[in-house]
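Visitor: I'm new here and curious about how these labels get decided. Could you walk me through a few of them?

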Amino acid sequence: MYETMAILQTMDNLYYEAQRQGRISFYVTSIGEEAINVASAAALSSDDLIFPQYREQGVLLWRGFTLKDFASQCFANDEDSGKGRQMPVHYGSKKLNYITVSSTVGTQLPHAVGAAYSLKMAKEEACTVAYFGDGGTSEGDFHAAMNFASVLEVPVLFICRNNGWAISTPASDQYRSDGVVVKGQAYGIRSFRVDGNDTLAMYSCVQAARKMAIEESRPILIEALTYRIGHHTTSDDSSKYRSITEMERWKSLRDPVIRFRKWLEGNAWWDEVAERRLRATARNEVITTMVRAEILKKPPLSDLFKDVYDSVPVHLQEQEAYVRSTVTRHPKDHPSDVPL
């Protein structure tokens, strides 16, 4: 778990820098929330179906999404399994049971409940897992999903990353309740609050919750308390609504990666030599895959019109013809790395 957290942190830092250099258009880091990502993933089965928000790349990393896969998606090249149709960081993997990320907040929650209902009817030994932030609890989809899951008694884990901020909106402007955990209780859902920056606590909580969800066919809500050290996204400047001192204090005193490392070192299971080796290897691998992904061609133009219908309907044929005629009239405006 520690190695995956360190690789995730390294990847996030380098892709954040790449966006600032103009090499990719957008990025979302999970800095400060690595323990929630990786520890929860480690406590799940690969058969469990993941419904992410957009800050769960650590779950994918744990499941086997390679650094090349991350690079291909962020640079939208012809090796991207999504064929370049999504914004950077909007990952998805059918093979790894990871539903594709959607930018809209909260829509994944009722979807996760519906999928859990399907697992229940099929008597599968698996559950669905929906990740979301504290801001997601202000959406109607959250409340619909809570009631839907409670009434149907389905095996779903709701994992809320309560980092105190919904972009620039503090928790104090979102609710007057005692956090998120009581919202689950109000719907008759067994709910737990855990220190999301404690890797072992997070692992233990999710492991126990999964067991309950499957064996008792019931929804479980986990409120993982944490802090978003980074900006909401690369489109955000969080220094406009919170102090630099506050962010630095959390980074230096409560960073989950440093905290877990100190525990490992205290047990003589990790040392500075291993740390330097891991960080250097991770940095080299991330940069290598990033540089390679950046120079590959984009998916062909025709991919814009495929994979929805078995036979391409007339209106899409007309749209493709219109796009191609536009390229013919304005060849200089067509990106040279997008094959026709």
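**Strands, a helix and a glutamine**

Guide: Sure. Let's begin with a pair of strands in this predicted model: β2 and β3 run parallel and are joined by six bridges.

Visitor: What makes β2 and β3 a pair?

Guide: Two strands pair if there are at least two bridges between them, and β2 and β3 have six, so they count as paired. One spot to look at is Gly 133, which stands opposite Arg 161 in β3. Between the two strands, the chain goes from β2 through helix α6 (residues 140–152) to β3, in a right-handed β-α-β crossover.

Visitor: How do you know that β1 pairs with β2?

Guide: Same kind of check. The cut-off is at least two bridges, and three bridges join β1 (residues 49–51) to β2, so that's a pair, running parallel. Here Phe 51 sits opposite Ala 130 in β2.

Visitor: Why is β2 called largely enclosed?

Guide: Because six of the six residues of β2 (residues 128–133) are buried. Thr 128, Ala 130 and Phe 132 point one way, while Val 129, Tyr 131 and Gly 133 point the other way, and all are buried. As for that pattern, side chains in a regular strand alternate between the two faces of the sheet.

Visitor: Why is Gln 57 called buried?

Guide: Buried means under 20% relative accessible area. Gln 57, in helix α3 (residues 57–63), has 1%, so it is buried. Leaving aside neighbours within four places in sequence, its contacts include Leu 8, Tyr 27, Asn 37, Phe 70 and Tyr 98.

Visitor: What makes the link between Gln 57 and Asp 12 a polar contact?

Guide: The N or O atoms must be within 3.5 Å, with one able to donate a hydrogen and the other to accept it. The side chains of Gln 57 and Asp 12 make such a contact at 3.0 Å, so the distance fits the cut-off.

Visitor: How do you know that the span of α8 agrees with what a helix should have?

Guide: At 1.5 Å a residue, the 17 residues of α8 (residues 199–215) should span 24 Å, and the end C-alpha atoms are 24 Å apart, so the two agree.

Visitor: What caps α8, and what does its buried side pack against?

Guide: Asp 198 caps the N-terminal end, with a side-chain oxygen 3.2 Å from the backbone nitrogen of Leu 200. The buried residues of α8, among them Met 202, Val 206 and Ile 214, pack against elements including α1 (2–20), β3 (156–162) and α10 (256–266). After α8 comes Ser 217, with a positive phi near 50°.

Note on methods:
Residues are numbered from 1 along each chain as its sequence is written. This is a predicted model: local features need pLDDT of at least 70, side-chain atom pairs count only at pLDDT 80 or more; totals for chains, interfaces and linings use all residues. Side-chain values use heavy atoms; hydrogens and water are left out. Helices (H or I, at least four residues) and strands (E, at least two) are DSSP runs, numbered from the N terminus. The expected span of a helix is 1.5 Å times one less than its number of residues. Buried means under 20% relative accessible area, exposed over 50%, partly exposed in between (1.4 Å probe, protein chains only). Contact means heavy atoms within 4.5 Å. A crossover is right-handed if, with the strands pointing away from the viewer, the path from the first strand over the helix to the second runs clockwise.
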